[in-house]
Amino acid sequence: MHHFTYRNAQFYAEDVPLADLAAAYGTPTYVYSAATLRRHYDVLDEALAGAAHTICFAVKANSNLAVLQLLAQRGAGFDIVSAGELQRVILAGGDPGKVVFSGVGKRDDEIALALRHSILALHVESEGELLRIEHVAAQLGVRAPVSLRVNPQVDPKTHKYIATGLATSKFGVDMRSAPALYRRAAASPHLRVVGIGSHIGSQILELQPMIEAVAKVLDLVHRLRAEGIPLHHLDIGGGIGIPYRDEDTVTPADFGQAITALVAPHGLHLITEPGRVIAGNAGILLTRVIGTKQNGNRNFIIVDAAMNDLLRPALYGAWHGIVPVQQQDRPEHVVDVVGPVCESGDFLAQDRLMPAVETGELLAVLAAGAYGFAMSSNYNSRPRACELLVDGASVHEARRREDSSDLCKGEALRPV
Ligand SMILES: *Cc1c(COP(=O)(O)O)cnc(C)c1O
């Protein structure tokens, strides 16, 4: 459910015609819908009402300050993977007391920053990291709240780049080594055991792997509690998939019901770390057609957005819907929609049946609100896109388009 719709054959973001946004702010531009973000958050919040819970939005999915601010105002916590993300959460008015810190490679200075801001939990991903967190906490004279990220070895049945809970993945701690690490943590004056968690992957379309993972972790909770290890929260990670095409996905209601039924009886506070399911369908990428061409038997639509703006098609072969902003009856052709970047991997769509388009017209790349701008770069010295947050009829410029001075920022010529 989202608030990008056609009205009188014109594509709108809430009450604003996208053509007006392109005229005022140029292209390529990311456009987010505030009503959609709020709705996605609220639906999940209601679905989890059966258990005490905190929704920690995964900042890496969409880290724009205005988006984080909107979610913080809704009561969201945040899942971060770097000190930079923590700084964004704080700038956006988020509560560090509702922040969990994931990731396999936290530096000492990042751990220290997290401890100084008294975040909710550091998710420990190895024995070495547990010892480093203890060391940094000792130096600061504090007790670090720790939660082990265990690896339940469940196949989430998703793209291999976003499956994170398999035995061979770089993430998490083996379930078998978890008890020893918990004993070590519980005995330390500089560590405080607060919870346990797992995150098995992203764009998960079935409930079963998630339930299996939670059940395995709950098993471990029993054994740990029997040893006197106190566990306050259970973090089930993120990963709920969204329909990019017409996939059947897990509904928040089914997800909420199944998970709260499993977790609530154990008196654990439930934490979840959704990224894509909150932000994905809440954003589109607005782009303009630069031209069309034919090579051999292939038809290309060349647009002004490229893999540096939206990497997902190039990185994962991801499918995004692409629609004309001005709807009209016209013949359809099979085309590749490509950007100007000098890579054959630079495409937004391949072998796609699309209405014939004209040079200069606008297209909207759908479901681009998660892992869109956040993964963008300056490759080919392309300024990064503008980001807008639409709320009803109001438009907020959430990030101005970069210009040529941004491109060389921090660089220096050698003295001559
Ligand atoms: C990426 C990530 C998430 C968010 O995943 P989504 O698929 O966007 O919900 C949550 N937790 C961790 C640890 C992650 O790495």
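In this predicted model, a nitrogen atom of the ligand lies 2.5 Å from an N or O atom in the side chain of glutamate 273. Glutamate 273 also appears among the residues that come nearest to the ligand, a group made up of Lys60, Ser202, Glu273, Arg276 and Tyr371, out of the 15 residues around the ligand. Two further polar contacts can be followed from the ligand outwards. A polar side-chain atom of aspartate 79 is placed 3.1 Å from a nitrogen atom of the ligand, while at glycine 239 it is a polar backbone atom that stands 2.8 Å from an oxygen atom of the ligand.

From the ligand, the reader may turn to the helices, beginning with α2, which spans residues 34-47. Helix α2 packs with helix α3, residues 65-73, at an angle of about 40 degrees, and the two axes are 10 Å apart. Because of that angle, α2 counts as oblique to α3, and the crossing of the pair is right-handed. On the α2 side the residues that meet the partner helix are Ala34, Leu37, Arg38 and Tyr41, and on the α3 side they are Val67, Leu70 and Leu71. Sorted by class, the residues of this contact between α2 and α3 comprise six nonpolar and one charged, with no polar residue.

Helix α2 has another helical partner in α9, residues 252-263, and here the axes come within 8 Å and cross at roughly 30 degrees. The passage of α2 across α9 is again a right-handed crossing. In this contact α2 contributes Val43, Leu44 and Ala47, which meet Pro252, Ala253, Phe255, Gly256, Gln257 and Thr260 in α9. The classes in the contact of α2 with α9 are six nonpolar and three polar residues, and no charged residue is counted.

Elsewhere in the chain, helix α5 (residues 108-116) packs with helix α6 (residues 127-140), their axes being 10 Å apart and the angle about 55 degrees. It is this angle that makes α5 oblique to α6, and α5 passes α6 in a right-handed crossing. The contact draws on Asp108, Ile111, Ala112, Leu115 and Arg116 from α5, together with Arg132, Ile133, Val136, Ala137 and Leu140 from α6. Between α5 and α6, the contact has seven nonpolar and three charged residues, and no polar ones.

Two points of backbone geometry in the loops complete this walk through the model. The peptide bond that runs from threonine 27 to proline 28 is cis, with omega near -5 degrees, and proline 28 itself is found in the loop between α1 (18-25) and β4 (29-33). The other point concerns glutamine 153, whose phi is near 55 degrees, a positive value in a residue other than glycine. Glutamine 153 has its place in the loop between β9 (144-151) and β10 (173-174).

Notes. Residues numbered from 1 in each chain as written. Predicted model: local features only at pLDDT ≥ 70, side-chain atom pairs only at ≥ 80, totals over all residues. Heavy atoms only, no water. Axes fitted to C-alpha atoms, helices over the stretch in contact; angles between N-to-C directions. Helix = DSSP H or I, 4+ residues; strand = E, 2+ residues; numbered from the N terminus. Parallel < 35°, antiparallel > 145°, perpendicular 65-115°, else oblique. Left-handed = near helix turned anticlockwise from the far one by under 90°. Contact = heavy atoms within 4.5 Å. Nonpolar A, V, L, I, M, F, W, Y, C, P; charged D, E, K, R; others polar. Near = heavy atom within 4 Å. Polar contact = N/O pair within 3.5 Å; in protein donor to acceptor, adjacent residues only side chain to side chain.
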